[in-house]
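Trainee: Could we go through this structure together? I should like to begin with the surface.

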Amino acid sequence: MAELAGCRVPEDLYYWVEKHVWARPEEDGTVTVGITDVAQHLAKTIIAVTPKGVGRTVERGKSAGTVESGKWVGPITSPVTGKVVAVNEELKKQPSLINQDAYGAGWILRVEPVRWEEDRLALLTGAEAVEAYRVLLESQGIRCR
């Protein structure tokens with residue numbers, strides 16, 4: 001896992017850097033979606049997460065739900081198009097899981113993608129994602145820790 005300006009960037013995920021969201025393909029063909037360590041840091045303490053419900057359709061580039069902190073309310077931009085097949089019910093009870101573990105217990109929803117091969121080509125992963133985050137963090141003066 002790379003660390004840039006105190007921000008964690010796991011190299012095995014797919015990122016939409018400008019939207020601060022990540023996607024992780026699962027063995028069952030679904031894709032897990034969450035917000036990045038950078039996003040949770042910028043938002044500060046997360047007080048509510050409202051993902052789209054199971055059975056709803058999400059489109060790449062459109063809202064997959066909202067995240068609310070004490071200083072900000074904003075959309076979770078979906079990095080993939082597909083049907084929501086699971087939401088992280090624990091986040092409804094404990095939204096701060098995103099602050100504690102943005103890439104693990106703080107996942108937001110799982111999608112059955114309709115065009116993952118196409119969607120993933122628009123996302124960055126590995127060294128390419130790390131470099132894009134390095135540039136973004138430096139240009140905006142962002143530090144996570």
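Trainee: How much area does the protein chain expose, and what share of it do carbon and sulfur atoms supply?

Mentor: The exposed area is about 7000 Å², of which carbon and sulfur atoms supply 49%. Accessible areas come from the Shrake-Rupley method with a 1.4 Å probe, and for residues only the protein chains shown count as cover. Please note that this is a predicted model: local features need pLDDT of at least 70, side-chain atom pairs count only at pLDDT 80 or more, and totals for chains, interfaces and linings use all residues. Residues are numbered from 1 along each chain as its sequence is written, and side-chain values use heavy atoms, with hydrogens and water left out.

Trainee: And what percentage of the residues count as buried?

Mentor: Of the 145 residues, 49% are buried, meaning under 20% relative accessible area (1.4 Å probe, protein chains only).

Trainee: Changing topic, how many helices and strands are there?

Mentor: The protein chain has 5 helices and 12 strands. These are DSSP runs, numbered from the N terminus: helices are H or I with at least four residues, strands E with at least two.

Trainee: Which strand pairs with β6, and in which sense?

Mentor: Strand β6 (residues 46–51) pairs with β8 (residues 63–69) in the antiparallel sense over 5 bridges; pairing requires at least two DSSP bridges between the strands. Thr50 has Thr66 in β8 as its bridge partner.

Trainee: What joins β8 to β9?

Mentor: A hairpin through 3 residues does. The two strands run antiparallel with 4 bridges, β9 covering residues 73–77. Val67 has Gly74 in β9 as its bridge partner.

Notes
Buried means under 20% relative accessible area, exposed over 50%, partly exposed in between (1.4 Å probe, protein chains only).
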